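Here is a friendly walk through some helix contacts, backbone angles and charged pairs. Have your viewer ready and follow along.

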Amino acid sequence: MNKKLLFLAIIFTTIPGLAIGATTCSKANLTRCLDSACAINVSSNPAARCQYCGTSSAGEPTAGNAMRSVSVGTSAKYSFTDKELKKAPDDPGARYTWATAECIKKVEGCTPDDVTDTYDALIEQSCKAAGISAQMASLRAAASKKKSNASCQTDIQACLIDTTRCGADYSACADNADFDKFFAACSVTATGCDDYASSIRTDLLAARDNAINNADKIIETIVASYQTARNQKEASVRTNCTDNTGRESCITTVCERSMAHKCAAGYEAERSMATQLCKFHDVACATLK
């Protein structure tokens with residue numbers, strides 16, 4: 001973070017006649033001073049510098065402004081008292097600005113550039129720690145939301161039989177290596193299911209074996225059903241050919257649907273035409289003989 005211009009304005013207005021560079025800045029003392037405002041309880045909270053003097057998105061510090069567990073060996077001369085800390089702003093950016101101005105007063109010879117060069121890297125490290133802590137908290141929260149065995153199996157199975165993985169018939173997972181690869185990927189995406197993964201794998205592996213073992217039987221059943229239907233149709237056609245019921249049924253239908261007088265008595269021409277239209281029955285029956 002680069003707040004040099006703001007800091008310079010503060011310093012020049014609060015410390016008239018400051019002779020910058022007249023004395024060498026002690027980076028160690030400067031760090032001790034800044035830590036007393038920005039690193040409270042840092043030993044137990046690595047994100048402290050980020051929370052106090054970095055960014056509000058790192059979360060709220062737990063210790064407040066009170067002096068507790070600051071860096072070991074901190075000199076009272078270069079650190080803030082409890083009374084002084086009560087004046088420190090709560091906003092991280094404002095607190096950083098306040099601490100910079102006050103520490104430059106306490107540690108002779110230091111400038112805002114020294115603060116930036118000395119302390120910004122420490123704040124950056126702390127913010128990384130804050131990010132890691134946030135990720136761990138998120139993972140812990142997800143892990144705590146465990147689902148039921150049945151719910152987990154439903155989620156993992158839906159993932160596993162997707163067309164891009166095993167498929168509904170498990171045909172793409174006939175090999176155990178393929179099954180294990182896809183199962184592992186689906187288990188990772190099903191959060192809160194770690195406790196059930198082993199038993200679910202056993203159940204889905206059995207489902208895979210059953211689907212593959214029965215695939216041939218299912219095909220045989222389908223083929224047999226079509227064969228039976230064909231045989232029944234052929235038997236019906238032969239019966240119709242034996243007593244000409246098929247041709248007579250065709251003539252009756254044509255008369256009813258297509259002839260103006262329904263082939264009634266006196267309209268033999270209509271019946272003759274219907275008989276010619278149904279002649280294909282005779283041709284079909286001749287083929288079956």
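Helix α2 (residues 27-38) and helix α5 (residues 92-106) have axes that come within 9 Å and cross at roughly 145 degrees. The model you are looking at is predicted. The crossing in which α2 passes α5 is right-handed. On the α2 side, the contact is made by L30, C33, L34, A37 and C38, while α5 brings R95, W98, A99, T100, C103 and K106. Sorted by class, the residues of this contact between α2 and α5 are eight nonpolar, one polar and two charged.

A second helix pair is worth a look. The axes of helix α7 (residues 149-160) and helix α8 (residues 176-189) also come within 9 Å, and they cross at roughly 130 degrees. That angle makes α7 oblique to α8, because angles from 115 to 145 degrees fall outside the perpendicular and antiparallel classes. Here too the crossing is right-handed, with α7 passing α8. From α7, the residues in contact are I156, C159 and L160; from α8, they are F179, F182, F183, C186, S187 and T189. By class, the contact of α7 with α8 holds seven nonpolar and two polar residues, and no charged ones.

Now for the backbone. Which residues other than glycine have a positive phi? One of them is N41, whose phi is near 60 degrees. You will find N41 in the loop between α2 and α3 (48-53). Is N41 buried or exposed? With a relative accessible area of 15%, N41 is buried, since the cut-off for buried is under 20%. C263 is another residue that is not a glycine yet has a positive phi, of about 60 degrees. The loop that holds C263 lies between α10 (245-258) and α11 (268-277). C263 is buried as well, at a relative accessible area of 14%.

On to the charged pairs. How many salt bridges does the structure hold? There are 10, and the table sets out three of them.

| Salt bridge | Closest N and O atoms |
|---|---|
| K105 with E102 | 3.4 Å |
| D180 with R201 | 2.7 Å |
| K279 with D282 | 3.7 Å |

Take K105 and E102 to begin with. They sit three residues apart in helix α5, so about one helical turn separates them. K105 counts as partly exposed at 43% relative accessibility, and E102 is also partly exposed, at 22%.

Next, D180 and R201 form a salt bridge whose closest N and O atoms are 2.7 Å apart. This pair links distant parts of the chain, with D180 in helix α8 and R201 in helix α9 (residues 197-242), 21 residues apart. The relative accessible area of D180 is 31%, which makes this residue partly exposed. R201 counts as partly exposed too, at 29% relative accessibility.

Finally, K279 is partly exposed, with a relative accessible area of 43%, and its partner D282 is partly exposed at 24% relative accessibility. Which residues join K279 and D282 in a network of salt bridges? They are R247, E248 and R271.

Terms used: Residues numbered from 1 in each chain as written. Predicted model: local features only at pLDDT ≥ 70, side-chain atom pairs only at ≥ 80, totals over all residues. Heavy atoms only, no water. Axes fitted to C-alpha atoms, helices over the stretch in contact; angles between N-to-C directions. Helix = DSSP H or I, 4+ residues; strand = E, 2+ residues; numbered from the N terminus. Parallel < 35°, antiparallel > 145°, perpendicular 65-115°, else oblique. Left-handed = near helix turned anticlockwise from the far one by under 90°. Contact = heavy atoms within 4.5 Å. Nonpolar A, V, L, I, M, F, W, Y, C, P; charged D, E, K, R; others polar. Buried < 20%, exposed > 50% of the residue type's maximum accessible area, 1.4 Å probe, protein only. Salt bridge = Lys/Arg side-chain N within 4 Å of Asp/Glu carboxyl O.
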